[in-house]
Amino acid sequence: MREILLIISTWIHLLSAVVWVGGIFFVLFVALPAAKRILGQQGKLMGAIGKRFVPLANISILLILISGISMTLTSHSFSEVVSLNSSWSQSLLIKILVALTMMSIHFYRGLILTPKIEKLTAEGSSAEEVRKLQHLSLNLVKTNFALSMVVLFLTGMLSVYRN
């Protein structure tokens, strides 16, 4: 039974990571460049994409947290996870910290930065101020993409260290 729970948790964890990281990849390397080329002004399109993607990302993040906790608790080496005596447990700790940083950035953008941009836009604030915040938001998405590459690299390390 333990193995089945671990397999299901791992599958949910991987699927959720694919949705979140794949969504970031799609936005940065497909949607944004296409919107710039075709529309010249990508704000409305990216806003519409964000409204559809953010709830999926939020669910994925929640599932990553739940499945990660489940995987840790059902793992045969739970004591190794908390000891930090091996390269595997140290890599796992770094992976968790990087993933938590990504989550913080995601929720900062969604709960604080995006509403602020929308409010300033609706109030007719200076275009320069809105543009600066949009640039910050885009840089945070790029940061999250870079951090996701670190998480994937650490996942590869964990796989090698486990064998």
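Which residues have the most contacts inside the largest nonpolar core? I looked this up first, taking a nonpolar core as a set of buried Ala, Val, Leu, Ile, Met, Phe, Trp, Tyr and Cys residues joined through side-chain atoms within 4.5 Å. The residues are W20, I24, L28, M46 and M103, in a core of 27 residues. I noted that α1 (2-39), α2 (43-74), α4 and α5 are the elements that give two or more residues to this core. Helix α4 supplies the largest share, eight residues.

**Basis.** I worked on a predicted model, where local features need pLDDT of at least 70, side-chain atom pairs count only at pLDDT 80 or more, and totals for chains, interfaces and linings use all residues. I number residues from 1 along each chain as its sequence is written, and side-chain values use heavy atoms, with hydrogens and water left out.

**Confidence.** I read pLDDT as the predictor's confidence in each residue, from 0 to 100. The chain has a mean of 90, and 93% of its residues reach 70 or more. By element, helix α3 (residues 78-83) has the lowest mean, 68, and helix α5 (residues 127-162) the highest, 94. Where pLDDT is low, the predicted coordinates should not be read in detail.

**Helix α4.** I took helices as DSSP runs (H or I, at least four residues), numbered from the N terminus. Helix α4 covers residues 87-123, 37 residues in total. From first C-alpha to last it reaches 52 Å, close to the 54 Å expected at 1.5 Å a residue; the expected span is 1.5 Å times one less than the number of residues. I found a bend of about 40° at R109, the bend being the angle between axes fitted to the seven residues ending there and the seven starting there. G124, just after α4, takes a positive phi of about 75°.

**M102.** This residue is found in helix α4. I list M102 as buried (under 20% relative accessible area, 1.4 Å probe, protein chains only), because its relative accessible area is 2%. Not counting residues up to four places away in sequence, M102 touches W20, N144, L147, S148 and V151, with contact meaning heavy atoms within 4.5 Å. The C-alpha atoms of M102 and N144 are separated by 5.5 Å, although the two are 42 residues apart along the chain.

**I24 and S67.** Neighbours within four places in sequence are left aside for both. I24 is in contact with F53, V141, N144 and F145. S67 lies in helix α2 and is buried, with a relative accessible area of 4%. I recorded S9, I12 and H13 as the contacts of S67.

Key:
Buried means under 20% relative accessible area, exposed over 50%, partly exposed in between (1.4 Å probe, protein chains only).
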